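Hello,

I am passing along a structure for you to look through. Please open it first, and then read on for what turned up.

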Amino acid sequence: MKRRVENLEFDYIVDNSKEVDENSAFLLTKLSKKYLEDAKSKNPKSIITPKDLYAIFDLDIKIVGVTGTNGKTTTTAAIYSILLDLGFKVALLGTRGFFINEEKIKPKGLTTPSLFELYLDIAKAKDCGCDFFVMEVSSHAIDQERIEGLKFALKVHTNITSDHLDYHKSLENYIATKNSFFADDSFKLVNRDDKNIEPNIKNTLTYGIENPASFKVSAFTLKDGIDARFEHFLENGYIHSQIFGKHNLYNLLAAISSVKMLTQKPLEEICSASENFGGVFGRC
C-alpha cells in the first residue's frame with residue numbers, strides 16, 4: 001500500500017518494498033521486515049515503525065478491540081449499535097466490512113486487515129470525527145503483530161475454544177496467543193465463565209452468567225428472545241432482545257459492559273439502547 005503524506009521529510013509511506021523510492025518511507029513491521037534489505041537498496045528517505053505511524057496520523061481516538069473464538073462479530077456490532085444510539089460517532093471494522101456512522105465504507109474482508117490498512121482505516125474514522133473505533137481482533141492478527149503500536153481504550157474477550165489449529169498447530173498455542181492480547185495494563189473486559197482466559201488482572205473487569213463477576217446476569221429467560229436483568233455493583237438494568245440463545249446473552253452482556261466501561265453512562269440507559277440491536281445478518 002502507498003499513502004501520500006504532507007509536511008514531512010518524505011512524501012509517501014509504503015509497506016511494499018517494490019513501491020519504495022527516494023521520496024518515500026518504508027513501514028517496517030513483523031511481516032515486512034523480510035523485505036527490509038530490498039527496501040534499503042532503493043534509498044528510501046526513512047524507515048519508520050508502527051509507533052512512528054501512530055504519531056504521524058495522531059490517532060487520538062478510543063480504540064476497542066474484541067477477540068475470541070466466537071462472538072466477535074455480534075459483540076462488536078452490538079457495541080457499535082449501542083454507542084450510535086447513545087449519540088456517539090463510531091466506526092466499526094471486522095468480518096462484515098468497514099462502517100462509519102451507519103455508512104458502509106468498505107466491503108467485508110479479513111477479520112483484521114494488514115497493519116498499514118488498519119491504521120489508514122483508523123485515521124479515516126478520526127477524520128470523520130468518530131469518538132470510538134470498534135474492531136474485531138483475530139488470533140492471526142495478534143500473532144502477526146498486525147495491531148502493533150495501537151493504544152486500546154478497551155480490550156474485550158468473548159471466549160476461547162478450538163479454532164485455527166492449522167495455523168497455530170496446537171490448542172495450547174492458540175490459547176497462549178489469545179491470552180497475550182490481555183497481558184498488558186490496558187483496560188480489559190473478560191468472560192468470567194471461560195476457564196481458558198488468564199489476563200493480567202490490572203485494570204480488568206469481568207462479566208458472566210454462571211460465576212460471580214463485575215457485570216453479571218441476575219435473572220434471565222431465553223423464551224421468545226432474551227429477557228434479562230443485569231447487575232453492576234449497585235446498578236441494575238433490564239433488557240428485552242429479539243435475538244436468540246444463551247450465546248447471544250453473553251454477547252449482549254459483553255457489549256453492554258463494554259459501553260458502560262467506555263462511557264460511564266447509567267446502566268439502565270445503556271440497556272435501553274441495546275434493545276434496538278437486532279443482531280447480525282447471517283449469524284444465528
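A word on terms before the strand orders: two strands pair here if DSSP finds at least two bridges between them. Please also keep in mind that this is a predicted model.

On that basis there is an open sheet of 11 strands, with mixed pairing and the order S8-S7-S6-S9-S5-S10-S11-S12-S13-S14-S15. Strand S8 (103-106) and strand S15 (235-241) stand at the edges; each has a single partner strand, so one side of each is left without a neighbour in the sheet. From one strand to the next, the twist averages 20 degrees.

Helix H4 (residues 115-127) packs on this sheet, where it touches strand S5 (62-67), strand S6 (90-94), strand S7 (97-100), S8 and strand S9 (132-136). The direction of H4 makes about 150 degrees with that of S9.

Towards the other end of the strand order, you will find strand S13 (residues 215-221) and strand S14 (residues 226-232), which pair in the antiparallel sense over five bridges. If you want a spot to zoom in on, Val-217 stands opposite Phe-230 in S14.

There is also an open sheet of four strands, again with mixed pairing, in the order S1-S2-S3-S4. Its edge strands are strand S1 (2-4) and strand S4 (46-48), each of which pairs on one side only. Here the twist averages 25 degrees from one strand to the next. Strand S3 (residues 24-27) and S4 pair in the parallel sense, over three bridges, and Ala-25 has Ser-46 in S4 as its bridge partner.

Two helices lie across strands of the four-stranded sheet. Helix H2 (residues 50-57) lies across S1, strand S2 (12-14), S3 and S4, and runs at about 95 degrees to S4. H4 turns up again here: it lies across S1, S2 and S3, running at about 35 degrees to S1.

Lastly, the cysteines. How many disulfides does the structure hold? The count is zero. Cys-128 is in no disulfide, and the nearest cysteine sulfur, that of Cys-130, is 5.9 Å away. A disulfide would need the two sulfur atoms within 2.5 Å. Cys-130 is likewise in no disulfide, with the sulfur of Cys-128 as its nearest cysteine sulfur. Are these two residues buried or exposed? Cys-128 counts as partly exposed because its relative accessibility is 34%, whereas Cys-130, at 7%, counts as buried.

Happy viewing, and best wishes

How values were computed:
Residues are numbered from 1 along each chain as its sequence is written. This is a predicted model: local features need pLDDT of at least 70, side-chain atom pairs count only at pLDDT 80 or more; totals for chains, interfaces and linings use all residues. Side-chain values use heavy atoms; hydrogens and water are left out. Axes are lines fitted to C-alpha atoms, for helices over the stretch in contact, and angles run from 0 to 180 degrees between N-to-C directions. Contact means heavy atoms within 4.5 Å. Buried means under 20% relative accessible area, exposed over 50%, partly exposed in between (1.4 Å probe, protein chains only).
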